[in-house]
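User: Please take a close look at the lining of the largest pocket. Then set that part against the rest of the protein, in one connected account.

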Amino acid sequence: MSDTPFGFGLPPEEPDDGDEGKKKDPQSGGGQGPANPFGFGMPGAGGFGGPGADNPFAAMFGSLNPTDLGAAFQQLGQMLSYEGGPVNWDMAKQIARQTVSQGTAGGSKDASVGPADRKAVEDAVRLADLWLDDATSLPSGAHSAVAWSRAEWVEATLPAWRELVDPVAERVGNAMGDVLPEEMQAMAGPLIGMMRSMGGAMFGTQIGQAVGVLAGEVVGSSDIGLPLGPAGRAALLPLNIETFGKDLGVSQEEVRLYLALREAAHQRLFAHVPWLRSHLFGAVDGYARGIKVDTAKLEDVVGQFDPQNPEQLQEALQQGMFQPEDTPEQKAALARLETALALVEGWVDAVVHAAAKPRLSSADALRETLRRRRASGGPAEQTFATLIGLELRPRRLRDASRLWASLTDARGVDGRDALWAHPDMLPTATDLDDPDGFVHREQIDFSELDKMLGEAAGKRDLRKKDEGDAEGKGGAEDDEGDGAE
């Protein structure tokens, strides 16, 4: 521990040499710290009266103009006053929208979706649903088709991200209060509360940045294999679809239609397999709860924490402080999750290919492009991997796709899709290693089981009826005996 209470650094003093000290770093307001004390990307142009002005806040806030200084105090107030859950989701939404408004690394700016793009998306999803009718026994799952801007994608998907991220963030929040010695925790109640508030804000900042970046990459509501948008609403992002197809040498109409097929296939699966969403999110939650926080790293961050430099917490989150438990239970949870993601993506891949192959000349090229895209992931996906200790990528997509295609050949479309009736009927990770063994394994005849259960229920009802009749008859005989007396 440092000499200052709880390791918190004291505010730096003004340089003894006055203006000479400020000349050392004219961008930092005296060389005492970064121009952005909160790590929120605020511009630091100007300041009160310029670099040479007598600014009592210069050492703390750098060369911020009055507008930026007000924003800085507002951000700090939000961080310290937050008393909600483990993630400050209001801040996450704010940061995500700010990130979207700044545009992508390639210079693409978000824009409202016009009527022509909305109609093109609606037409593509409608046609995709017609094509899928021949490729799967699951009926349409989209009651509407929408075209989203990036900002609209952020708004629509934040509830799903909250469900994914909160379990891990809660572990971090609790760990922040546990790193102090027990005898000090009673005295440090306000400090612990402040640390948790800061942690919630920093988590919100990081999640917001990641969601904002991801909004510039996704083409629909189900890109990562999870249903992020509202149920029954097939969504595509025209601006990102245009960027995605720019260098593929494929017409925009074919690219849009192929992506509409994938979106509509996801919608069918999640709409008509009612247990699937909770199964996937439960697998993510189960894995996340088996992650332990690197308390040594967290203790180091808390011990050296400087209120002037709260981005230290942000940097610690970026570097990752989560370690999967090396236990059989945690390995099994990861295997279940990876297998489930692979089965979802593999089914969509196989069904979409069956629907697109006879109709789109670019079907093979688009399929391979999307497979590689899902396998490699983008920078935003890596950010989520750092934040929640998990990569939401189907590592065995190709194996799963081959298995579903083989099942189609062996059992037909109806036989293949019938496996979604219950999670216990789905292939396992071992089955992905030996797809032929699973495909040709003798199928369980559930009709015989239903017949046996029905017969057993009928016999039970008949027995209860007989017992009831016997009791009624016995009661009548007793009555007759009483009357004879």
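Analyst: The lining of the largest pocket divides by class into nine polar, five charged and four nonpolar residues. Here Ala, Val, Leu, Ile, Met, Phe, Trp, Tyr, Cys and Pro are nonpolar, Asp, Glu, Lys and Arg are charged, and the others, Gly among them, are polar. The model is predicted, so local features need pLDDT of at least 70 and side-chain atom pairs count only at pLDDT 80 or more, while totals for chains, interfaces and linings use all residues. Residues are numbered from 1 along each chain as its sequence is written, and side-chain values use heavy atoms, with hydrogens and water left out.

The pocket holds about 410 Å³ of space. Of its 18 lining residues, T104, R150, G216, E217 and T243 lie nearest the centre. A pocket is an open set of points on a 1 Å grid over the protein atoms alone, with protein on both sides within 12 Å along at least five of seven lines; a cavity is a set where a 1.4 Å probe fits but cannot get out, and lining residues have an atom within 4 Å of a point. Points are joined across faces, edges and corners, and a volume is the space filled by probe spheres set on them.

Three helices, namely helix 4 (89-102), helix 8 (189-215) and helix 9 (238-245), each give at least two residues to this lining. Helix 9 has the largest share, four residues. Helices (H or I, at least four residues) and strands (E, at least two) are DSSP runs numbered from the N terminus. Within helix 9, P238, N240, I241, F244 and G245 are buried. These buried residues fall within an arc of 160 degrees seen down the helix axis, so they line one face of helix 9. The arc is taken over the directions from the axis to the C-beta atoms. Buried means under 20% relative accessible area, exposed over 50% and partly exposed in between, with a 1.4 Å probe and protein chains only.

The enclosed spaces come next. Four cavities of 30 Å³ or more are counted, and the largest has a volume of about 120 Å³. Its lining includes V219, D223, R262, H266 and R373. Helix 10 (252-272) and helix 15 (363-376) are the elements that give two or more residues to that lining, with helix 10 supplying the largest share, four residues. By class, the cavity lining has four nonpolar, three polar and five charged residues.

Helix 15 also holds R371, which counts as buried at 13% relative accessibility. Leaving aside residues up to four places away in sequence, R371 touches D349, L397, R398 and S401; a contact means heavy atoms within 4.5 Å. A355, in helix 14 (residues 328-356), is buried at 1% relative accessible area. With the exclusion of residues up to four places away, A355 touches W131, L132, A135 and L261. The C-alpha atoms of A355 and D134 are 7.1 Å apart, across 221 residues of chain.

For the protein as a whole, there are 20 helices and four strands, and 47% of the 485 residues are buried. Among contacts with a separation of 6 or more, 78% join residues 24 or more positions apart.
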